[in-house]
Amino acid sequence: MQPEEFIDQINRKQMPAFRELFGSFYRYLVLYAMRYVRQQEVSEDIVQEVFIAIWESDKKYNSYHGFRAFLYDSVKNRCLNYLKHQEVERRHAEILLQEQDEEDEDYRLMREEMYRALHRAVDELPERCRQVFKLHLEGKKNEEIAQVLELSVETVKTQKKKAMYFLRERLGKSYCLLIVLNIISL
């Protein structure tokens, strides 16, 4: 197809011209896009988007050489837009990671403060009650605590209840938070 006939058919949205456009330019435009984005699939998508934009556009082209320059400029601009978008996404991901790290740090600090408050309150418990509750915090079962302290299981349960009541009174709303954070269990 002659260059003038090709441009005329492109302007009139004729399928033979678009088949020739694909056959003559697709590979070269993909290679050109690869210079910018360095990804085969992305390059192919960009070139296809340019072809679709030409099909959907009402723009009229005056010459074959101008049209050819337009193709390469369009591919280059879409590549640059893609790269800008990738940079924005990268920065957004970095911000999200930084915010997550800050939240993790806030959570860690809150948890440490809750541990300190709990241990200060546990230290205020009466001696036997404190011994029972500290073993409970270590994860020991009622039977184990009873054996270690040479108490009955019922005495252990009673001392734990007293400790829980005292902590609930002493720590107030923080007591519920300690339960939620699984620092203490009922």
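This passage walks through the helices and loops of a predicted model, beginning at the N-terminal end.

Helix 1 covers residues 3-11, and its buried residues are Phe6, Ile7, Gln9, Ile10 and Asn11. These buried residues have three packing partners: helix 2 (15-37), helix 3 and helix 4. An α-helix has 3.6 residues a turn, so residues three or four places apart point the same way. With that in mind, it is worth finding Phe6 and Ile10 of helix 1, both among the buried residues, on the structure above.

Just after helix 1 comes Lys13, with a positive phi of about 60°. Lys13 is not a glycine, yet its phi is positive. The residue sits in the loop that joins helix 1 to helix 2. Is Lys13 buried, partly exposed or exposed? Its relative accessible area is 23%, and because buried means under 20%, Lys13 counts as partly exposed.

The next stop is a stretch named in a database record. An unreviewed UniProt entry lists residues 21-86 as "domain: RNA polymerase sigma-70 region". In the model, 86% of this span is helix and 0% is strand. The C-alpha atoms at its two ends are 29 Å apart.

Helix 3 (residues 40-56) and helix 4 (residues 64-123) form a pair that can be followed in some detail. Their axes come within 10 Å and cross at roughly 130°. The two helices are therefore oblique to each other, and the crossing of helix 3 past helix 4 is right-handed. Which residues of helix 3 and helix 4 meet? On the helix 3 side they are Val42, Ile46, Val47, Glu49, Val50, Phe51, Ala53 and Ile54. On the helix 4 side they are Phe67, Phe70, Leu71, Ser74, Val75, Arg78, Cys79 and Tyr82. Sorted by class, this contact is made of 13 nonpolar, one polar and two charged residues.

A second record entry covers a later part of the chain. For residues 116-165, UniProt lists "domain: RNA polymerase sigma factor 70 region 4 type", again in an unreviewed entry. This span is 80% helix and 0% strand, and its end C-alpha atoms lie 18 Å apart.

Within that part of the chain, Glu124 occupies the loop between helix 4 and helix 5 (127-137). Glu124 has a relative accessible area of 44%, which means that it is partly exposed. Where does the chain come back to Glu124? Although Ala163 is 39 residues away along the chain, the C-alpha atoms of Glu124 and Ala163 are separated by 9.9 Å. Once neighbours within four places in sequence are set aside, the contacts of Glu124 are Phe166 and Arg170.

Asn142 belongs to helix 6 (residues 142-149). With a relative accessible area of 16%, Asn142 is buried, because the cut-off for buried is under 20%. Beyond its neighbours within four places in sequence, Asn142 is in contact with Val153, Val156, Lys157 and Lys160.

The final stop is Glu150, in the loop between helix 6 and helix 7 (153-171). Glu150 is another residue other than glycine with a positive phi, here near 55°. Its relative accessibility of 72% makes Glu150 exposed, whereas Lys13, in the loop between helix 1 and helix 2, is partly exposed.

Key. Residues numbered from 1 in each chain as written. Predicted model: local features only at pLDDT ≥ 70, side-chain atom pairs only at ≥ 80, totals over all residues. Heavy atoms only, no water. UniProt positions renumbered as here; feature names shortened; annotations may be inferred. Helix = DSSP H or I, 4+ residues; strand = E, 2+ residues; numbered from the N terminus. Axes fitted to C-alpha atoms, helices over the stretch in contact; angles between N-to-C directions. Parallel < 35°, antiparallel > 145°, perpendicular 65-115°, else oblique. Left-handed = near helix turned anticlockwise from the far one by under 90°. Contact = heavy atoms within 4.5 Å. Nonpolar A, V, L, I, M, F, W, Y, C, P; charged D, E, K, R; others polar. Buried < 20%, exposed > 50% of the residue type's maximum accessible area, 1.4 Å probe, protein only.
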